Structure formats: structure tokens, C-alpha cells
Amino acid sequence: MDTKQPEGASRDEDRKSGFMMRVRKFNLKEVLTWQLARTLAMGQGLAALICGTAVTSQYLATSFGVNTPMMQSLFNYTLLCVTYTTMLLCRTGDGNILQILKRRWWKYLLLGLVDVEANYTVVKAYQYTTLTSIQLLDCFVIPVLMILSWWVLKTRYRPVHFVAVCICLLGVGAMVGADLLAGRDQGSTSNILLGDGLVLISATLYAVSNVCQEYTVKNLSRVEFLGMVGLFGTIISTIQMVVLERNEVAKIQWSWQVGLLFAAYALCMYALYSCMPIVMKLSSATSVNLSLLTADLFSLFCGVFLFQYNFSGLYLVSLVVILIGFITFNVVPTPVDHTDSSSSSSSSSSSSSSICEEDHNNDPVATQDDITKQEVAVRITTEEEEEGERRKSDLSDAVGRSTKL
């Protein structure tokens with residue numbers, strides 16, 4: 001007993017001293033890097049594009065009585081199809097659109113269906129439930145994304161990532177509280193249960209679409225993802241618009257203002273779809289969706305000037321809290337489990353050279369020094385083998401001469 005107490009006290013002292021050493025070695029420049037600043041800026045740029053789609057949709061609905069979400073989405077998918085699908089048509093080899101359709105057409109068909117319905121169900125939910133419910137339940141996309149990333153992409157989260165997500169959700173709670181205090185609990189209450197269910201379905205579909213997007217962008221190519229989504233999204237949204245919105249489309253009173261709003265919405269969505277894979281490749285789908293939580297705040301700031309919304313100081317508090325959570329999430333990288341990859345390595349020179357080539361292709365930041373070191377190692381092994389063969393041949397010659405004598 002007497003010996004255990006000093007050991008426990010020494011362990012506690014070692015932990016305290018180790019913690020103090022980490023605090024002393026903490027360097028803010030190592031945390032606030034240029035990579036983090038670029039990811040933050042690009043994420044907020046995506047949020048601004050979502051704000052643009054929200055403002056244009058609000059103008060179309062309030063000023064001109066236009067409620068055609070599928071038609072608006074159709075313009076976006078058409079732009080994607082015209083640009084990125086055409087690029088796939090011009091490719092040769094395995095990257096050509098015909099080769100892609102032969103191998104993975106049904107996967108991209110399901111992905112296009114998921115993406116179209118995710119956009120449609122969240123807009124449809126505004127007819128049945130309130131804005132507060134939509135803002136709160138839309139955050140359901142974050143836990144679903146983390147689960148799917150853990151299962152599909154083998155992403156392993158640390159405790160700091162869960163703390164960062166909770167901080168972001170607190171910021172969303174502050175934003176919803178500001179809406180309630182300002183009397184902005186807009187929307188319908190005709191069927192709240194149906195509306196809330198549509199929001200949850202939309203959040204789940206968005207999570208599935210984003211995880212598939214991250215996998216495709218990081219393992220295949222951005223052009224392939226956007227080209228296939230544009231192709232199948234155009235087909236699906238056209239059919240759905242004809243079936244569900246033909247009466248609403250016929251009622252539109254066309255003018256240059258309506259055409260300009262449709263064009264602005266389509267360009268914002270096109271830019272959002274084009275830029276999101278770039279940000280997702282730098283970070284992750286979960287990180288991108290955390291940055292998009294500020295889109296509602298940007299819409300509120302625009303609404304203060306455009307639609308005479310009441311301003312609340314909680315909006316600024318919410319913005320700061322969400323940004324703090326986003327920075328905290330991106331400070332610590334999310335490791336990936338590579339247990340599925342082969343860990344065995346061959347000792348022959350041919351396998352060593354193949355490993356060298358694979359490492360060089362998979363790691364774009366491999367330096368020339370590492371490559372030359374690996375080449376020297378391969379040369380040394382080959383020279384040793386040649387020297388061994390020479391010794392064997394000399395020994396056999398000597399044995400032959402001795403037998404003749």
C-alpha cells in the first residue's frame with residue numbers, strides 16, 4: 001500500500017507535466033494554417049451561393065407567385081449536363097462516357113435520383129411545417145453523414161470532432177432562438193408531422209449524396225461525378241416536372257424579371273455543384289456541411305435589407321459559434337482506417353520497384369530524394385544478386401577443374 005500511493009502520485013505528476021509541456025509547445029500558427037483559412041473561405045463561399053438560391057426563390061415566390069422547385073432544379077442539371085457531360089463525351093479510353101455507362105450506369109442513376117429527391121423534398125416540406133422545424137431537423141444531415149463516412153469511407157472521428165459538431169449545433173440553436181424572438185416562425189402548420197418527416201428524408205438523402213460525392217471525387221474524378229449527375233438529374237427532373245408541376249409552369253407570367261431570377265438561381269446552383277467537390281476534396285463531406293450551416297444566417301442578413309426582417313444580436317453570436325465549431329473540427333485531421341489494404345511486402349527487386357511506383361502514384365507530394373533512395377535500394381539488391389551469381393559460377397568452374405585433375 002505504501003508503495004502504490006507514491007506510484008499513483010508520480011503518474012499524476014507525469015500527466016500534469018506532460019499536459020503543461022503540450023500547453024507550452026502550443027503554437028497558434030501551426031493550428032491556423034493557410035489550408036484551414038482556404039477551406040474556411042471556400043466553405044463560406046458555398047454558403048453564400050446557397051444564400052443566393054434562397055433569396056432568388058423567395059423573390060419568385062413572394063413577388064411573382066412562382067413555386068416550381070423542379071423546374072428551377074432542371075435548369076441547374078441542364079447546365080451541368082451541357083458542360084461536364086460534354087467533357088465526358090470528348091474523353092477517350094476508360095474516362096469516356098460510354099465506358100462509364102457500361103460499368104456504373106445504374107449507380108449514377110440511383111445517385112441522380114437521390115440528389116433530385118433531396119432537393120425536392122426539402123422545398124416541399126415548407127408547405128406543411130414551420131421554418132423553425134426545418135432549420136432544426138435539417139441538422140440531422142450531420143450525424144447521418146458521420147455514420148455513413150465511418151461505414152463507407154472508413155473515416156475515424158476523434159472526441160474533438162464530436163465536440164466541434166456539438167458547438168456548431170449550439171450555434172444553430174442560437175439562430176433558431178433568434179428567429180423565435182424576432183417572430184420569424186414562418187411556414188405552414190397544415191401537417192407538421194408530414195413536413196418534419198420530409199425534412200428528415202431530405203437530410204438523409206443529402207447525406208447519402210454527399211458521401212457518394214466525396215468517394216467519387218477522391219477516387220475517380222470530379223468531372224465524372226458532375227457529368228453523370230447532370231445527365232441523370234436532367235432526365236429525372238424533366239419527368240418529375242412534367243408529372244407534378246405542369247400546371248404551375250403553365251401559370252407563370254413570364255417577364256424579364258422572372259427570367260433574370262431563374263437565371264440567377266440556376267447560376268448559383270451550378271456554381272455550388274461545380275465548387276463543392278473541390279472543397280470536399282480538400283476536407284470532407286462532414287466539414288463542408290458544417291460550413292453550410294451559416295447559409296441560413298447569410299439569408300437572414302440579406303432578408304434584413306431586402307425583406308425587412310427584424311435583426312437580432314443572436315444572429316452574430318450564432319455565426320461566431322458555428323465558425324468556431326467549424327475551425328475546431330478542421331484543426332484535427334480525421335484519420336482513415338486502412339485495414340483493408342494489403343500489408344504484406346515482397347523482398348524481391350521486382351516487387352520493390354512496383355511498390356516504389358505505387359507509392360509515387362498514390363502520394364503526389366513524394367519528393368525526388370525519396371524516389372532516388374528507393375531506386376538506389378533496388379540497384380543494390382540487383383547488384384548483390386549479380387555478385388552472388390558470379391560467385392556461384394566461379395565456384396562451379398573451380399569444382400569442374402578439380403574433377404578434371
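**Rings and helices, argued from cut-offs**

Me: In this predicted model, Y77 is buried and Y273 is buried too. What makes a residue count as buried?

Reply: Its relative accessible area must be under 20%. Y77 and Y273 both carry that label.

Me: How many aromatic pairs does a search of the whole structure find?

Reply: Six.

Me: Why is the pair of Y77 and Y273 called edge-to-face?

Reply: Two tests apply. The centres must lie within 6.5 Å, and these are 6.1 Å apart. The planes must be over 60 degrees apart, and here the angle is 75°. Therefore the rings pair, and the pair is edge-to-face.

Me: How do you know that this pair links distant parts of the chain?

Reply: Y77 sits in helix α4 and Y273 in helix α12, with their positions 196 residues apart in the chain.

Me: What makes the pair of Y157 and F162 edge-to-face?

Reply: The ring centres are 6.2 Å apart, against a limit of 6.5 Å. The planes stand at 65°, and the label needs over 60. So this pair is edge-to-face.

Me: Are Y157 and F162 buried or partly exposed?

Reply: Y157 has a relative accessible area of 16%. The cut-off is under 20%, so Y157 is buried. F162 comes out at 44%. Partly exposed runs between 20% and 50%, so F162 is partly exposed.

Me: Which residues do ring pairs link into a cluster?

Reply: F75, W254 and F262.

Me: Why is G197 called partly exposed?

Reply: Its relative accessibility is 26%. That lies between the 20% and 50% limits, so partly exposed is the label. G197 is in helix α9. Its C-alpha lies 9.8 Å from that of V122, although the two are 75 residues apart in sequence.

Me: How do you know that the span of α12 is close to the one expected?

Reply: α12 has 27 residues. The expected span takes 1.5 Å times one less than that number, giving 39 Å. From first C-alpha to last, α12 reaches 39 Å.

Me: Where does α12 bend?

Reply: At C275, by about 30°. A proline, P277, follows within four residues.

Me: Why is α5 called oblique to α10?

Reply: Their axes come within 7 Å and cross at roughly 50°. That angle is not under 35 degrees, and it is outside the 65 to 115 range. So α5 is oblique to α10. The crossing of α5 and α10 is right-handed.

Note on methods
Residues numbered from 1 in each chain as written. Predicted model: local features only at pLDDT ≥ 70, side-chain atom pairs only at ≥ 80, totals over all residues. Heavy atoms only, no water. Helix = DSSP H or I, 4+ residues; strand = E, 2+ residues; numbered from the N terminus. Buried < 20%, exposed > 50% of the residue type's maximum accessible area, 1.4 Å probe, protein only. Phe/Tyr/Trp six-rings, centres within 6.5 Å; stacked < 30°, edge-to-face > 60°. Bend = angle between axes of the 7 residues up to and from the residue. Axes fitted to C-alpha atoms, helices over the stretch in contact; angles between N-to-C directions. Parallel < 35°, antiparallel > 145°, perpendicular 65-115°, else oblique. Left-handed = near helix turned anticlockwise from the far one by under 90°.
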